[in-house]
Structure formats: structure tokens, C-alpha cells
Amino acid sequence: MKVPKFADLVLFEDDDLIVVNKPPFIASLDEREGGEINMLRLAKQYTDDAQICHRLDKETSGALIIAKNPEAYRTVSMQFERRKVKKVYHAVIDGTHVFDDLLVDLPILNVGKSSVTISRQDGKRAETWFKSLRYFKHYTLVECRPVTGRMHQIRIHLATQRASIAGDDMYKGQPVFLSKLKRKYTLGKDQEEQPIMKRFALHAYEVAFKLPSGADVNIHAPYPKDFETLLKLLDKFDS
């Protein structure tokens with residue numbers, strides 16, 4: 001995988017904070033010991049005291065807030081704790097679903113090994129709002145607004161609505177193949193068809209929070225190439 005230039009990812013920067021558009025397939029932090037590239041390492045090469053203020057799953061792309069000093073880190077962390085950070089994600093989900101500000105309020109239990117489950121008895125409170133943005137024949141583009149910040153929250157909450165994110169095999173999401181969308185699609189001899197997106201279709205589209213100065217900031221992260229390509233192909237062959 002080609003390692004991106006950190007400066008090319010920056011969407012916003014001041015003396016205290018940076019917001020980057022995290023590419024897919026790069027972890028936010030060190031997942032385990034070893035030399036794997038991650039956003040924290042890239043950020044530290046750019047500014048010495050960098051700290052990641054929240055995490056995005058490795059496959060998830062989009063807006064990630066990075067603090068340049070301990071004070072800024074504390075300021076943003078407190079806003080996350082008090083649920084003052086507005087987070088908006090976009091996802092492509094299996095099936096046509098009309099979500100008109102649907103609230104999913106189901107507790108999530110972390111069962112280890114990067115896996116979670118819904119547990120009304122032992123889970124921690126988790127709330128997400130969902131709103132359908134665009135409809136295709138077999139898919140829907142939805143806006144997801146998590147109130148809490150549990151691991152895999154959006155992914156498992158959508159799965160409970162039988163609306164798994166496309167390509168999210170952990171939660172029964174099916175990959176999108178062009179052969180499914182395009183009539184008379186032919187593949188060359190001995191060729192194996194690859195999914196349009198080689199990950200689940202989830203993107204952190206927007207963050208809004210207060211800077212240490214007290215000023216409000218609202219940042220939008222453009223879709224990465226794979227997400228954009230998926231939407232273009234759905235538009236062309238599945239609308």
C-alpha cells in the first residue's frame with residue numbers, strides 16, 4: 001500500500017489541532033507491536049506532540065481529529081466525553097431502507113478480539129440516529145449520527161435493522177459486485193471478479209466541535225476514490 005503524505009490529508013489546521021481525511025486501510029493507532037504504519041506515527045512525523053483524539057476503524061475513511069499539544073488533546077477529549085462533538089458518517093447499506101431520523105438505542109457489549117454484540121443486560125448504552133439520503137434499487141446511502149462512541153457502533157446498529165453496511169462481512173454485509181448491477185456483465189477467462197469496494201462502505205463525513213479558543217469549527221471530509229466510485233456505479237446501474 002502506498003503511504004500517503006500526511007500534509008496531503010490535512011483538511012484543517014491551526015496552532016492546536018489538525019483534522020485529516022484518514023484514508024482507508026490505515027489504523028488510527030498502533031494495533032500491535034511492530035512497524036505497521038498508522039495515523040499516529042504519520043502525525044508524529046509531522047508534529048512532535050501529536051495525539052489522536054478519537055479512533056476510526058482501520059477500514060473506515062474520513063475526518064479524524066489530531067491534537068498538537070496536551071492542552072488541545074484535553075479540550076477535545078472532554079468534548080467527546082460530554083458528547084459535544086457532532087459526528088456524521090455516510091454508509092452504503094444493503095437493501096432499500098427508509099430511515100427518517102430513526103433512533104437505534106441498543107446497548108453494546110465488547111466481547112474482546114475486536115468484536116462486539118448487543119446485550120441489554122451487560123452492554124453499555126449506545127445510540128445512533130439514521131437518515132436515508134439516496135435510494136438505489138438494491139442499496140441505500142444513509143447518514144449515521146452516533147451520540148455515543150462505542151466500538152463498531154454504527155456497523156452493529158445497522159445490522160440490527162437488517163441493513164448491514166455493504167462489504168461488512170463481520171456483520172453480514174455483502175460485497176458489491178459489478179456483475180450484480182450491470183446486465184450482460186462478462187468477465188475474462190480465468191478472471192476472478194473483485195468487489196467494487198475492497199472494504200465496508202463507511203466514511204466519517206463531518207465533525208463539528210469547539211477549538212481551545214472557544215471558536216466553533218465544522219469540517220467536511222470528501223469521499224475517497226473507492227466510495228465515490230461505488231456511488232457513481234450505483235447511480236449508473238442501480239438507480
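This is a short walk through a predicted model, stop by stop, with something to select at each one.

**Start with the whole chain**

Show everything as a cartoon and colour by secondary structure. You should find six helices and twelve strands. Turn the model along its principal axes, and the C-alpha atoms fill a box of roughly 60 × 45 × 35 Å. How does the radius of gyration compare with that of a compact globule? For 239 residues such a globule would have a value near 18 Å, and the protein has 18 Å, so the two agree.

Now switch on the surface. The accessible area comes to about 13000 Å², and 47% of that belongs to carbon and sulfur atoms. Going inward, 48% of the 239 residues count as buried. If you draw contacts between residues with a separation of 6 or more, 62% of them join residues 24 or more positions apart.

Colour by charge before you move on. There are 38 positive and 33 negative side chains, and the centres of the two sets lie 4 Å apart.

**Select residues 39-46**

This is helix α2, and its buried residues are M39, L40, L42 and A43. Show those four as sticks and look down the helix axis. They cover an arc of only 160° around the axis, which means they sit on the same side of α2. What do they pack against? Add α1 (6-9), β2 (17-22), β3 (51-52) and β4 (61-67) to your selection, and you have the partners of the buried residues of α2.

**Step back to F25**

F25 is in the loop between β2 and α2, so keep β2 and α2 on screen for this one. Check the backbone here: phi is near 70°, a positive value in a residue other than glycine. Is F25 buried or exposed? At 34% relative accessibility, F25 falls in between and counts as partly exposed.

**Select D15**

Next, go to the loop between β1 (10-13) and β2, where D15 has its place. D15 is exposed, with a relative accessible area of 70%. Which residues does D15 touch once you leave aside neighbours within four places in sequence? Select K68 and N69; D15 is in contact with both.

For a sense of scale, add Q191 and draw a C-alpha to C-alpha distance from D15. The two are 51 Å apart in space and 176 residues apart in sequence.

**Over to D101**

D101 is in the loop between β5 (86-94) and β6 (102-105). Look at the backbone again: phi of D101 is near 55°, a positive value in a residue other than glycine. As for the surface, D101 is partly exposed, with a relative accessible area of 37%.

**Finish at S114**

Select S114, in the loop between β7 (108-112) and β8 (115-118). S114 is partly exposed, at 47% relative accessible area. Leave aside the neighbours within four places in sequence and show what S114 contacts: M151, H152 and M170. Take H152 from that list and draw the C-alpha to C-alpha distance to S114. It reads 8.8 Å, for a pair 38 residues apart in sequence.

Note on methods
Residues numbered from 1 in each chain as written. Predicted model: local features only at pLDDT ≥ 70, side-chain atom pairs only at ≥ 80, totals over all residues. Heavy atoms only, no water. Helix = DSSP H or I, 4+ residues; strand = E, 2+ residues; numbered from the N terminus. Rg over C-alpha atoms; globule rule 2.2 N^0.38 Å. Buried < 20%, exposed > 50% of the residue type's maximum accessible area, 1.4 Å probe, protein only. Contact = heavy atoms within 4.5 Å. Areas by Shrake-Rupley, 256 points an atom, 1.4 Å probe, with all protein chains shown as cover. Lys, Arg positive; Asp, Glu negative; His and termini not counted. Charge placed at Lys NZ, Arg CZ, Asp CG, Glu CD. Arc of directions from axis to C-beta.
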